[in-house]
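I opened the model to take notes on it, starting from one residue and working outward. The entries follow in the order I looked things up.

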Amino acid sequence: ARVKLYKERIVAKSAVYNNATTFGDKEIRLKGDTTQEIIGNGTYDYLTIDNAKGVKVKGGGFTVNKELNLSAGELTNSSSENFNLADSSKIVRYSGSSLANSPNFGKTVNVEYRGNSDINAGPEIPDNPTTLQNLIANNNSSLNLTKKTTVNDSIFVRKYLDTKRDTLVLNTHKNPVFNQTTEIAQIAGTIRLIKVRFDSTRNYLHNPFTYAVFSKPNPGLKELIVDVRPRTFFPYPGGNVKVKRTFAINAVDSNGSVMNNTNDMVFGYGWRVLPGDTLDESNGLVTNQLVFQRFDNGAWTDNVNSNVARDSNQIGWAFSSTSNLKDFGYYVIGHSGGILAFNAKVFLEGPFRYGSMADDLKNKGYLTMPPPDIYPYNMDPNRKFYVTQQLPDSVVDWVVVEFRANFTEPGKVRTYLVKRNGKLCDIYGNEELLITGTGNDSNRIDSGNYYIVVRHRNHLAIVTDNYVSLLPGIKKEMDFSIAS
């Protein structure tokens, strides 16, 4: 007989045999202490598998009309002993549960993941590219796609969706939705965007900061294919002195051929900035000095239309965009014009005691971030960007380093910290100081010869007697504590 479940659910401890119809708002839940069987060709509106010992489909033929909930254990089915999912039904799978084989899908299905641990997607993802409508990665950890997955309506990511094993295909005009309540969610790996919008709106990709914008139709472009790898260096020369995140941007035309260039695309990009955290991707680089770079003919070349990047301690991300991106290929976030680096040492006489300097200002909480709006720190137009979650250990005070192309003319400046032992460091504690600027930054420092000045708010400045050559890949050592 038909069974309507409208007040309470039924919890089955042994086998379930159903050749009729169960319907209503409540579920039949299989929750035995030993392996259970589900038998018959009846229907269920809501069926829940909650047995750590597993549930076996025997004979098969039953249908789930609205929702199959995989709460615990494995639902064991096969091609000969299988079940059906009605059109527009839903599968909810928790961490700690699984499905042995694909069911007989209806025309469409929705899939949601829940739980607090990693989940490897399984046969609940249909092979037919038109079947899956909504994918909801609602587990509080990583959802790892194990095969090509096509979403035809909407996608939600609570924390981390990993597509590095295969491709996530978005056959929809709807943008992915990312949770932003505690930690901004993201997708890692390849996204293939089939329905590209050419109306000046953002085609969001891997996170809220990574997107493509086309202001007009792009002749021939049919699909946009973008692979983003968090916490990854490109294995190319100089790849390990970039932000630890890679971008591969490509497209195919209506014939399926790979395209070489695009037509005036705006591309947004973001990366994690969490100093001292395993998720940090900044590699100690100063955010506002970074640009988007493409690997071309064995070297990294700047996209000169990169905007000045900025970051936020509140969300733990840095982000920027570049206009007029014309070429597809491999991209990174790096310092403009190659890496110019130096090490420096200088002593301030005021705090100097017994062979080193005292760090009283930091210990007493007087060393502010960013540096105060006074001379010489207000010489630096990027002063407000020198902010991190915590100052490095043993720092004494802020100093300004000036790079003069001519001995008597004002130069371009950077702001650093000086440690007790005299070593200069950046806000992350790195003693190898990277001094290049962004492609459209008026404070940019290119390779060349410079007289180098160190300034402090209440000490006399000191300057090199001769110019110093700064060249990419050649680290310069400067010790202002010795006469030479």
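**Entry 1. Leu205.** I started at strand S22, which covers residues 202–207 and contains Leu205. I note here that the model is a predicted one. Is Leu205 buried or exposed? I found a relative accessible area of 0% for Leu205, and the limit for buried is under 20%, so Leu205 counts as buried.

I then listed what Leu205 touches, leaving out residues up to four places away in sequence. The list runs Pro176, Phe178, Ile187, Ile191, Leu193, Thr210, Tyr211, Ala212, Val226 and Phe267. I also checked one C-alpha distance: Leu205 to Gln186 is 9.0 Å, and the two are 19 residues apart along the chain.

**Entry 2. Nonpolar cores.** Nonpolar side chains tend to be buried together in soluble globular proteins. I therefore looked for the largest nonpolar core in this model, and it has 83 residues. Which residues have the most contacts inside it? They are Leu224, Ile249 and Phe267. Phe267 had already come up as a contact of Leu205.

For Leu224 I wrote down the contacts, again without residues up to four places away in sequence. Leu224 touches Ile191, Arg192, Leu193, Val196, Ala212, Phe214, Ile249, Asn250, Ala251, Met265 and Phe328. Ile191, Leu193 and Ala212 are on this list and are also touched by Leu205. Apart from the largest core I found another, of 23 residues, with Leu340, Leu348, Met357 and Leu433 among them.

**Entry 3. The loop between H1 and S35.** Next I went to the loop that runs between helix H1 (360–363) and strand S35 (395–404), where Pro370 lies. The bond joining Met369 and Pro370 is a cis peptide, with omega at about -10 degrees. Pro376 has its place in the loop between H1 and S35 too. The peptide bond from Tyr375 to Pro376 is also cis, and its omega is near 0 degrees.

Ser394 is in this loop between H1 and S35 as well. I noted its phi because Ser394 is partly exposed, at 33% relative accessibility, and is not a glycine, yet its phi is positive at about 60 degrees.

**Entry 4. Asn324.** Where does Asn324 lie? I placed Asn324 in strand S30, residues 317–327. Its phi is near 55 degrees, a positive value in a residue that is not glycine. I have Asn324 down as partly exposed, because its relative accessibility is 27% and buried requires under 20%.

**Entry 5. The whole chain.** I finished with totals. The secondary structure comes to one helix and 42 strands. The C-alpha trace spans about 100 × 55 × 35 Å along its principal axes. I get a radius of gyration of 29 Å for the chain, where a compact globule of 484 residues would have one near 23 Å.

How much of the chain is buried? Buried residues make up 52% of the 484. The chain exposes about 21,400 Å², and 46% of that comes from carbon and sulfur atoms. I looked at contacts between residues at least 6 apart in sequence, and 49% of them join residues at least 24 apart. For charge, I noted 55 positive and 48 negative side chains, with the centres of the two sets 4 Å apart.

Technical notes: Residues numbered from 1 in each chain as written. Predicted model: local features only at pLDDT ≥ 70, side-chain atom pairs only at ≥ 80, totals over all residues. Heavy atoms only, no water. Core = buried A, V, L, I, M, F, W, Y, C linked by side-chain atoms within 4.5 Å. Buried < 20%, exposed > 50% of the residue type's maximum accessible area, 1.4 Å probe, protein only. Contact = heavy atoms within 4.5 Å. Helix = DSSP H or I, 4+ residues; strand = E, 2+ residues; numbered from the N terminus. Rg over C-alpha atoms; globule rule 2.2 N^0.38 Å. Areas by Shrake-Rupley, 256 points an atom, 1.4 Å probe, with all protein chains shown as cover. Lys, Arg positive; Asp, Glu negative; His and termini not counted. Charge placed at Lys NZ, Arg CZ, Asp CG, Glu CD.
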